[in-house]
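Work through these exercises with the model open beside you. Try each task before you read its solution.

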Amino acid sequence: FRCAIDGKVLKWKDAHAAHIVAHSKGGETQYSNLAMVRSVYNLEMGSMHLNDYVQSRRSAWLERFSLTT
């Protein structure tokens, strides 16, 4: 299977079932609110919504590797 954040192949030893909507923000622990992600992402994500975390990583990457002068 693949990580829901970076799309790369994910090994069981590196995987976490992350809440899409954080449990602390009312997200339930059910299949429709879970996504398999790298453990490092899940720990870094904290209580962020999964989509907000993905967007923040994308923005940081674009900023870091921007070719504009």
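A residue is called buried when its relative accessible area is under 20%, exposed when it is over 50%, and partly exposed in between. Keep these cut-offs at hand. The model is a predicted one.

**Exercise 1. Place His16 in the fold and classify its exposure.**

Solution.
- Step 1: Find the element. His16 sits in strand 1.
- Step 2: Read the accessibility. The relative accessible area of His16 is 27%.
- Step 3: Apply the cut-offs. A value between 20% and 50% counts as partly exposed, so His16 is partly exposed.
- Step 4: Look across to Met36. The C-alpha atoms of His16 and Met36 are 5.7 Å apart, although 20 residues separate the two along the chain.
- Step 5: List the contacts. Beyond neighbours within four places in sequence, His16 is in contact with Ala35, Met36, Val37, Ser39, Asn42 and Leu43.

**Exercise 2. Classify Ala18 as buried or exposed, and find what is in contact with it.**

Solution.
- Step 1: Ala18 also needs a place in the fold. It lies in strand 1.
- Step 2: Its relative accessible area is 0%. Buried means under 20%, so Ala18 is buried.
- Step 3: Measure to Met36 in the model. Ala18 and Met36 are 18 residues apart along the chain, and their C-alpha atoms are separated by 6.1 Å.
- Step 4: Leave aside neighbours within four places in sequence. Ala18 is then in contact with Asn33, Leu34, Ala35, Val37, Asn42 and Met45.

**Exercise 3. Describe the fold as a whole.**

Solution.
- Step 1: Count the elements. There are two helices and two strands.
- Step 2: Put them in order. Along the sequence the pattern reads β-β-α-α.
- Step 3: Take the dimensions. The C-alpha trace spans about 45 × 30 × 15 Å along its principal axes.
- Step 4: Check burial. Of the 69 residues in the protein, 25% are buried.
- Step 5: Look at contacts with a separation of 6 or more. Residues 24 or more positions apart account for 45% of them.

**Exercise 4. Find the salt bridges and say which parts of the chain they link.**

Solution.
- Step 1: Recall the principle. Side chains of opposite charge can pair when their charged atoms come close.
- Step 2: Count the charges. The protein has 9 positive and 6 negative side chains. The centres of the two sets lie 8 Å apart.
- Step 3: Search the whole structure. Three salt bridges turn up.
- Step 4: Take Asp6 and Arg38. Their side chains form a salt bridge at 2.7 Å, N to O. Asp6 is in the segment before strand 1, Arg38 is in strand 2 (residues 34–38), and the two are 32 residues apart. Asp6 is partly exposed at 26% relative accessibility. Arg38 is buried at 16%.
- Step 5: Take Asp14 and Lys13. This salt bridge has an N to O distance of 3.6 Å. Asp14 is partly exposed, at 27%, while Lys13 is exposed, at 69%.
- Step 6: Take Arg57 and Glu44. Their side chains meet in a salt bridge at 3.6 Å, N to O. Arg57 belongs to helix 2 and Glu44 to helix 1 (residues 39–45), so the pair ties together parts that are 13 residues apart in sequence. Arg57 is partly exposed, with a relative accessible area of 35%.

**Exercise 5. Trace the surroundings of Arg2.**

Solution.
- Step 1: Locate Arg2. It is in the segment before strand 1.
- Step 2: Classify Arg2. Its relative accessible area is 54%, over the 50% cut-off, so Arg2 is exposed.
- Step 3: Compare sequence with space. Arg2 and Val37 are 35 residues apart in sequence, and 7.8 Å apart from C-alpha to C-alpha.
- Step 4: List what Arg2 touches. Not counting residues up to four places away in sequence, these are Gly7, Lys8, Val9, Leu10 and Met36.

**Exercise 6. Which residues form a nonpolar patch on the surface?**

Solution.
- Step 1: Start with the total. The protein exposes about 5300 Å². Carbon and sulfur atoms supply 55% of that area.
- Step 2: Name the patch. Trp61, Leu62 and Phe65 form it, with about 340 Å² of accessible area together.
- Step 3: Place one member. Trp61 lies in helix 2 (residues 50–64).

Definitions and conventions. Residues are numbered from 1 along each chain as its sequence is written. This is a predicted model: local features need pLDDT of at least 70, side-chain atom pairs count only at pLDDT 80 or more; totals for chains, interfaces and linings use all residues. Side-chain values use heavy atoms; hydrogens and water are left out. Helices (H or I, at least four residues) and strands (E, at least two) are DSSP runs, numbered from the N terminus. Buried means under 20% relative accessible area, exposed over 50%, partly exposed in between (1.4 Å probe, protein chains only). Contact means heavy atoms within 4.5 Å. Accessible areas come from the Shrake-Rupley method with a 1.4 Å probe; for residues, only the protein chains shown count as cover. Lys and Arg count as positive and Asp and Glu as negative; His and the chain ends are not counted. The place of a charge is taken as NZ of Lys, CZ of Arg, CG of Asp or CD of Glu. Patches are made of residues with over 30% relative accessible area and no salt bridge: like charges are joined within 9 Å, nonpolar side chains (Val, Leu, Ile, Met, Phe, Trp, Tyr) within 5 Å. A salt bridge is a side-chain nitrogen of Lys or Arg within 4 Å of a carboxyl oxygen of Asp or Glu.
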